Amino acid sequence: MRRNSLLAAGLLLCAAVALAAEPPSLKSLAPPGLRIGAAINRGQSSGGDPKAEAIVIRQFNTVTAENDLKWERVHPEPGRFDFGPADRYVDFGARNGMFVVGHVLLWHQQTPAWVFAGEGGKKLDRETLLARLRGHIATVVGRYKGRIGGWDVVNEALEEDGTWRKSPWLEAIGEDYVAKAFEFAHEADPAAELYYNDYNLWKPAKRDAAIRLVQGLKAKGLRVDALGEQAHWGIDDPPLEAIDEMLAAMRKAGFAVHVTELDMDVLPRDPDQWGADLAKKARIRAASNIYPDGLPPAMQEKLARRYADCFALFLKHGVGRVTFWGVTDATSWLHDFPIPGRVNYPLLWDKDGREKPAFDAVADVLRKRAAR
Ligand code: GLA
């Protein structure tokens with residue numbers, strides 16, 4: 001008996017030591033008010049990628065669906081919705097006590113052609129497209145009412161110089177399509193947070209246009225909870241000063257800021273990369289796929305410093321959410337963008353799910369802040 005209780009006490013002690021030795025997770029180190037998460041794919045939300053799934057559950061308190069809530073996935077044909085994978089994504093987040101983000105209600109990409117086709121071969125008109133938008137939002141947002149906590153309502157409405165993107169939304173509806181989308185989303189779930197999401201908001205003209213856009217929505221009495229900068233950034237670009245200024249300007253304008261799709265491209269980009277000439281593309285790929293067999297230690301360190309510097313700015317400006325665009329380097333979209341078939345290393349975990357120096361650097365910045 002005595003031997004048994006000694007054994008039990010010993011086991012308990014071992015478990016306690018093991019727990020104490022386990023390093024804290026990013027979510028536990030983040031200050032109150034900062035959610036930290038990742039975009040997850042279909043496999044990760046439905047048991048197909050246990051390694052990444054374990055990382056997500058341990059490290060994060062918010063998730064975004066990388067693709068499964070986009071229009072082409074949930075509403076591929078008029079009147080036909082496919083909610084299977086999206087349901088599994090929302091269940092995954094709920095089961096793990098996470099803040100679930102819906103991405104995205106209105107975008108010019110990954111939207112099926114039928115959405116922008118006029119009735120009976122006629123030119124697409126305002127009322128038809130508004131009715132499609134309202135129906136789509138009512139069905140999708142309505143389905144997850146109370147379970148999806150926040151929605152990217154509109155993605156990428158602006159050009160780099162701050163003018164309106166000439167999308168089919170703008171052409172058929174006019175500039176108030178953004179307001180309409182926010183109105184419909186709020187109608188479908190009044191409790192959900194609503195966001196405007198775009199990239200390169202560190203460019204002053206685009207940033208100021210985004211601020212004006214959401215200020216205009218607020219002036220109309222619409223709900224807008226945060227401005228999202230996607231943050232598909234590079235190892236050197238944008239400069240830290242530009243990020244600092246972007247965050248300061250958004251906060252000064254009174255908006256919560258979310259960093260919604262963070263990753264760091266470590267490969268060079270060639271201005272010619274978009275050329276249609278296949279031989280030229282292959283040459284560019286060969287010349288710029290510079291780390292096919294692993295990221296050298298000096299670059300690992302550089303990536304770690306870059307992440308640490310960016311997180312210091314996120315903390316300085318009280319960013320409300322940071323979401324990485326992916327979990328491990330195994331499945332990043334940057335292996336195929338902007339040039340297909342290159343090996344990239346943009347995230348905090350390597351392709352085998354091991355923490356990279358960049359993970360330690362981010363954890364350190366959070367830890368130092370928590371210790372203050
Ligand atoms: C944009 C979109 C995302 C995703 C990324 C790249 O930023 O908002 O949904 O498609 O591009 O993968």
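1. Let's start with the ligand: in this predicted model, the ligand sits in the largest pocket. That pocket has a volume of about 880 Å³. On its own the ligand has 300 Å² of accessible area; I'll come back to how much of that the protein covers once the contacts are on the table.

2. Who is around the ligand? The shell is made up of Lys-70, His-103, Trp-107, Gln-110, Asn-155, Glu-156, Gln-230, His-232, Glu-261, Trp-325 and Trp-333. Sorted by class, that gives three nonpolar, five polar and three charged residues. If you want a quick selection for a viewer, the list above is the one to use.

3. Now the polar contacts. Glu-261 has a side-chain N or O atom 2.5 Å from an oxygen atom of the ligand. For Lys-70, a polar side-chain atom lies 2.7 Å from a ligand oxygen. Trp-325 also takes part, with a polar side-chain atom 3.4 Å from an oxygen atom of the ligand. As for cover, the protein takes up 89% of the ligand's 300 Å² of accessible area.

4. Back to the pocket itself. Its lining runs to 35 residues, and those nearest the centre are Tyr-199, His-232, Arg-269, Trp-333 and Phe-337. Two of these names, His-232 and Trp-333, turn up in the ligand shell as well. By class, the lining of the largest pocket splits into 13 nonpolar, eleven polar and eleven charged residues.

5. Which strands feed that lining? Strand E7 (232–234) and strand E8 (256–265) each give at least two residues to it. E7 has the largest share, with three residues.

6. There is also a second largest pocket, with a volume of about 210 Å³. It is lined by 15 residues, and Gly-294, Leu-295, Tyr-345, Asp-350 and Lys-351 are the closest to its centre. Its lining divides into four nonpolar, four polar and seven charged residues.

7. A few backbone details are worth a look while you have the model open. The peptide bond from His-103 to Val-104 is cis, with omega near 15°. Val-104 belongs to strand E3 (residues 99–106), and His-103 is one of the residues around the ligand.

8. A second cis bond runs from Asp-237 to Pro-238, with omega near -5°. Pro-238 is in the loop between E7 and helix H11 (240–252). E7 is the strand from point 5 that gives three residues to the lining of the largest pocket.

9. Last one: what is the sign of phi at Glu-156? Phi there is positive, about 60°, although Glu-156 is not a glycine. The residue is placed in the loop between strand E4 (150–155) and helix H8 (168–173). Glu-156 is also part of the shell around the ligand.

Key: Residues numbered from 1 in each chain as written. Predicted model: local features only at pLDDT ≥ 70, side-chain atom pairs only at ≥ 80, totals over all residues. Heavy atoms only, no water. Near = heavy atom within 4 Å. Polar contact = N/O pair within 3.5 Å; in protein donor to acceptor, adjacent residues only side chain to side chain. Areas by Shrake-Rupley, 256 points an atom, 1.4 Å probe, with all protein chains shown as cover. 1 Å grid on protein atoms, 1.4 Å probe; cavity = no way out; pocket = protein on both sides within 12 Å on 5 of 7 lines; lining within 4 Å. Sits in = over half its atoms within 2 Å of the grid points. Nonpolar A, V, L, I, M, F, W, Y, C, P; charged D, E, K, R; others polar. Points joined across faces, edges and corners; volume = space filled by probe spheres on them. Helix = DSSP H or I, 4+ residues; strand = E, 2+ residues; numbered from the N terminus.
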